[in-house]
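Please open the model in your viewer and keep the sequence panel beside it. The tour below moves from the whole chain to single residues, with a selection to make at each stop.

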Amino acid sequence: MPSLLQYCEILTHDVQIVKELPIDMTNTTPDQDAQSTQVESETTVAQLRASLAEAEQKESRLQQQIADLQLELSSQAKLKAELEQAKNTALKLAEANFKLIEEIKVLKNAKQHLNPEAYKKGDGKIISFANQHHEESSDFASKSWLLD
């Protein structure tokens with residue numbers, strides 16, 4: 001696909017060709033036939049109109065391509081902004097992950113330095129609260145004065 005600059009160069013070249021078309025109406029001699037001069041003039045006008053129509057079509061295509069390129073550039077700018085945002089988010093997540101890893105290391109080191117003997121359960125005796133509870137329940141009526 002040609003670039004915008006190349007299209008501009010082509011359009012400039014076509015305009016130059018139109019300018020160089022021979023239009024020589026000043027060198028007429030009285031013996032030339034008026035009809036032949038008119039035919040040449042009409043041919044020249046037709047060529048100029050055809051060249052002008054081509055140049056206008058090319059200009060229209062170039063304008064459409066410019067609009068398309070501007071739209072693409074806008075899309076790329078949006079994507080670039082989204083990419084930057086994603087990079088920043090990824091960086092923040094990486095930093096948070098690093099902090100969490102460091103915190104886990106600190107907690108693991110602290111856990112290893114604790115005295116595991118201090119957290120042993122008693123001497124293995126089972127304490128029974130069943131009898132104490134049963135004795136209290138027999139005297140429940142005397143203790144529950146609110147139910148009267």
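What follows is a sequence of selections, each with a description of what is there.

**The whole chain**

Begin with everything selected, and bear in mind throughout that this is a predicted model. The protein chain has 4 helices and 0 strands, and reading along the sequence gives the pattern α-α-α-α. Of its 148 residues, 5% count as buried, while the accessible surface comes to about 13800 Å², with 59% of that area belonging to carbon and sulfur atoms.

Now colour the chain by pLDDT, for which the mean is 77, with 62% of the residues reaching 70 or more. Where is confidence lowest, and where is it highest? The lowest mean, 52, is found in helix α3, residues 130-138, and the highest, 92, in α2.

**Helix α2**

Select residues 34-113, which make up helix α2, and place a distance between the C-alpha atoms at its two ends. These atoms are 117 Å apart, which agrees with the 118 Å that the 80 residues of α2 should span at 1.5 Å a residue.

Next, pick out the buried residues of this helix, which are S41, T44, A55, L62 and Q65. Two of these, T44 and L62, are worth a stop of their own, and A55 will return as a partner of a residue in α1.

**T44**

Zoom in on T44, which lies in helix α2. Is T44 buried or exposed? Its relative accessibility is 16%, and because the cut-off for a buried residue is under 20%, T44 counts as buried. Show the side chain as well, since the backbone oxygen of E40 is reached by the side chain of T44 at 2.9 Å.

**L62 and L11**

Move along α2 to L62, which is also in this helix. L62 has a relative accessible area of 6% and is therefore buried. Add L11 to the selection: although L62 and L11 are 51 residues apart along the chain, their C-alpha atoms are separated by 9.3 Å.

**T12 and A55**

Now select residues 4-20, helix α1, and find T12 within that helix. T12 has a relative accessibility of 54% and so counts as exposed. Across from T12, select A55, one of the buried residues of α2; the C-alpha atoms of T12 and A55 are separated by 9.2 Å, with their positions 43 residues apart along the chain.

**The salt bridges**

The structure holds 2 salt bridges, and the last two selections show them in turn.

Select E84 and K87 first, where the closest N and O atoms of the salt bridge are 3.8 Å apart. Why are these two separated by about one helical turn? They are 3 residues apart in helix α2, which means about one turn between them. Both ends can be checked against the surface: E84 is partly exposed, at a relative accessible area of 38%, and K87 is partly exposed as well, at 46%.

Then select E102 and K105, which form a salt bridge whose closest N and O atoms are 3.8 Å apart. This pair also lies in helix α2, with the two residues 3 apart, about one turn of the helix. E102 counts as partly exposed at 32% relative accessibility, and K105 is partly exposed with a relative accessible area of 45%.

Terms used:
Residues are numbered from 1 along each chain as its sequence is written. Side-chain values use heavy atoms; hydrogens and water are left out. Buried means under 20% relative accessible area, exposed over 50%, partly exposed in between (1.4 Å probe, protein chains only). A polar contact is a pair of N or O atoms within 3.5 Å; within protein, one must be able to donate a hydrogen and the other to accept it, and residues adjacent in sequence count only if both atoms are side-chain atoms. The expected span of a helix is 1.5 Å times one less than its number of residues. A salt bridge is a side-chain nitrogen of Lys or Arg within 4 Å of a carboxyl oxygen of Asp or Glu. pLDDT is the predictor's confidence in each residue, from 0 to 100. Accessible areas come from the Shrake-Rupley method with a 1.4 Å probe; for residues, only the protein chains shown count as cover.
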